[in-house]
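Subject: The structure I promised you

Hi,

Here is the structure we talked about. Have a look at it first, then read my notes below.

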Amino acid sequence: MINDMISDMLTKIRNANLAKHQIVQVPATKMTRNIIKVLQEEGFIYQFEEIGEDLKNYILISLKYKGQNKKPIITELKRISKPGLRVYANHKELPKVLGGIGIAIISTSRGIMTDKNARQYGLGGEILCYIW
């Protein structure tokens, strides 16, 4: 059993990017589904599709590349808040990743969103990961 689904998902995406795979498969949970929706809204992935088998649901993610040499759009994925050490911030302390080039994905009381949206709504929460 996997304890940290978010870290597992980020690692699978990172490895698929390095191997220049077009599609990656990750286990489907509410949390991973919401993070992937944010990634699609921000333009880091093309699309995703949920495929369900009896008790095992998976999400297929289509990764984005640019140019003929297939340079990945996602340069780095970094897990911040971990099960052993949770990291929280209020709306004034929310980080700007690479001066606004990247995004921080925040778990707020209104759901999963980017740091920009959380600042706009005046919400703080758990900082899940950085992506640039």
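Let's start with Asp115, which you'll find in helix α3 (residues 115–121). Bear in mind that this is a predicted model. Is Asp115 buried or exposed? Its relative accessible area is 2%, and anything under 20% counts as buried, so Asp115 is buried. And what does Asp115 touch, once you leave aside its neighbours within four places in sequence? The list is Leu94, Pro95, Lys96, Val97, Ile103, Ala104 and Ile106.

Now for the helices α1 and α2. Helix α1 covers residues 5–18 and helix α2 covers residues 30–41; their axes come within 10 Å and cross at roughly 45°. The two helices are therefore oblique to each other, and α1 passes α2 in a right-handed crossing. If you want to see where they meet, pick out Met5, Ile6, Met9 and Ile13 on the α1 side, then Met31, Thr32, Ile35, Ile36 and Leu39 on the α2 side. Sorted by class, that contact has eight nonpolar residues, one polar and no charged ones.

Next, the sheet. It is an open one with three strands in the order β1-β3-β2, and the pairing is antiparallel. The edge strands are β1 (23–27) and β2 (45–52), each of which pairs on one side only. From one strand to the next, the twist averages 25°. In case pairing is new to you: strands of a sheet pair through backbone hydrogen bonds, either parallel or antiparallel. Here, β2 and β3 (residues 57–63) are joined in the antiparallel sense over seven bridges. To find your way along β3, look for Ile61, with Phe48 standing opposite.

How do the helices sit on the strands? α1 lies across β1 and β3, and runs at about 170° to β1. α2 lies across β1, β2 and β3, with an angle of about 155° to β2.

One last residue to click on is Ala28, in the loop between β1 and α2. Ala28 has a relative accessible area of 16%, so this residue is buried too. Not counting neighbours within four places in sequence, Ala28 is in contact with Arg33, Glu50, Asn57, Tyr58 and Ile59. How far is Ala28 from Met9? They are 19 residues apart in sequence and 9.5 Å apart in space, going from C-alpha to C-alpha. You've already come across Met9 as one of the α1 residues that meet α2.

Happy browsing, and talk soon!

Technical notes. Residues are numbered from 1 along each chain as its sequence is written. This is a predicted model: local features need pLDDT of at least 70, side-chain atom pairs count only at pLDDT 80 or more; totals for chains, interfaces and linings use all residues. Side-chain values use heavy atoms; hydrogens and water are left out. Axes are lines fitted to C-alpha atoms, for helices over the stretch in contact, and angles run from 0 to 180 degrees between N-to-C directions. Helices (H or I, at least four residues) and strands (E, at least two) are DSSP runs, numbered from the N terminus. Angles under 35 degrees count as roughly parallel, over 145 as roughly antiparallel, 65 to 115 as roughly perpendicular and the rest as oblique. A crossing is left-handed if the near helix is turned anticlockwise from the far one by less than a right angle, and right-handed if clockwise. Contact means heavy atoms within 4.5 Å. Ala, Val, Leu, Ile, Met, Phe, Trp, Tyr, Cys and Pro count as nonpolar, Asp, Glu, Lys and Arg as charged, and the others, Gly among them, as polar. Two strands pair if DSSP finds at least two bridges between them. Buried means under 20% relative accessible area, exposed over 50%, partly exposed in between (1.4 Å probe, protein chains only).
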